[in-house]
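Open the model in your viewer and show the protein chain as a cartoon. The tour begins with the whole chain and then moves to one helix.

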Amino acid sequence: MVEQLSRRDARRIAVRAQALTARRPDGVLDTVRRLDALQHDPIAAVAASVDLVLFSRLGSSYDPDELADLVAQQRVVELDGMLRDARDVRLFTADMAAWPGPDAPAWRLGNAQWLDDNRGARGDVLDALRMDGPLTAGELPDTCVRPWRSSGWNDHRDVTMLLGLLVQTGDVAVAGRRGREKLWDLADRVYPPHEPVPAAQARRVRDERRLASLGLVRDRALEGYPDELVGEVVQVEGVRGRWRVDPALLDAVGAPFEPRTALLSPFDRLVTDRRRLAEVFEFEYALEMYKPARQRRWGYYALPVLHGDRLVGKLDATADPRRGRLVVHALHEDPVDGEPWDSEVRGAVHAQLRDLGEWLGLRIER
């Protein structure tokens, strides 16, 4: 019989999985490992998303130089826009070696053909990196004989698209950043020399890691569907469909829950599944920086506010380091179960706002 979970228990599973209880992770590398991956996004209206994610787990003691050092030491690497424990690259190398892979979709086969048509340019880029890497995309030669064509967004970006495909084939890797620009180098200079995990086993481990980091996902949201599914099947009270839950987190449902309050990045993995956010957390949210200003309800880069196992509001703020201030445009208070914030919620949220200002080294200005 399929186990039934209350919404509250489902939320707590997700919050525990994302290391957002009072029991904080043990440093930056432990956080990266527990979260499986951190999305690297260049927008920094308050701070870089990866730093906000780590601040929300570790508090104002977190120093962004710690993450930068781990990247410089190649203990944390960037793969497909996600920062990962470097040891986990071996879970992707079998797929890289087989790219585009058996039964590849038509679009991937088209990419493989484009790469083959530009094999001379591929060789030129690899030679340049071998001699002078790491280099930015702008420092690499563009000798493509067949231009990249898209809907318009990536036109005239041949080298950038070539590098993206060479990540898929395992030839190149992101070696760090110079400001906001990626530095590229040969993959064997960046990734640790581990033996690759066979593709089927790697897929299962990736599923297990992803499920452990998210807590619960929709039944068909993992790579292994319909074969070798991981986790336990559950239903969530009042929510249609079935979910998969990490077994260890399911076993911990009855354990005491240690709540705390946190300000989250808009790219935090607790909030990126908008359907789960609406159905399980009963929270309405969207990242609005791509909308015209007049259409925004919560702000350009509003930070979701977590209190215990509930998402209770959005903080619309902008960092202004030049003037030494964190400008709070609005703090949107969402009713919880129809009730407005009480003094305990408001006090906890304002304490986190002060902590954010302290971490950024900025005074709060309303």
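In this predicted model, buried residues account for 49% of the 366 residues in the protein chain. Colour the chain by relative accessible area, with under 20% as the cut-off for buried, to see where they lie.

Next, switch to secondary structure colouring. The protein chain has 13 helices and 14 strands. Its radius of gyration is 22 Å, close to the 21 Å that the globule rule gives for 366 residues, so the chain is as compact as a globular protein of that length. Align the view to the principal axes: the C-alpha atoms fill a box of roughly 65 × 60 × 40 Å.

Now display contacts between residues at least 6 apart in sequence. Of these, 62% join residues at least 24 apart.

Turn on the surface. The accessible surface of the protein chain is about 17,900 Å², and carbon and sulfur atoms contribute 48% of that area. Then select the charged side chains. There are 54 positive and 60 negative charges, and the mean positions of the two sets are 3 Å apart.

Hide the surface and select residues 49-58, which form helix H3. How many of the ten residues of H3 are buried? Ten of ten are, and the helix is mostly covered. Show the side chains to go through them: Val50, Leu52, Val53, Leu54, Phe55 and Leu58 are among the buried residues, as are Ser49, Asp51, Ser56 and Arg57.

Finally, step to Gly59, just after H3, and check its backbone: phi is positive there, at about 85°.

How values were computed. Residues numbered from 1 in each chain as written. Predicted model: local features only at pLDDT ≥ 70, side-chain atom pairs only at ≥ 80, totals over all residues. Heavy atoms only, no water. Buried < 20%, exposed > 50% of the residue type's maximum accessible area, 1.4 Å probe, protein only. Helix = DSSP H or I, 4+ residues; strand = E, 2+ residues; numbered from the N terminus. Rg over C-alpha atoms; globule rule 2.2 N^0.38 Å. Contact = heavy atoms within 4.5 Å. Areas by Shrake-Rupley, 256 points an atom, 1.4 Å probe, with all protein chains shown as cover. Lys, Arg positive; Asp, Glu negative; His and termini not counted. Charge placed at Lys NZ, Arg CZ, Asp CG, Glu CD.
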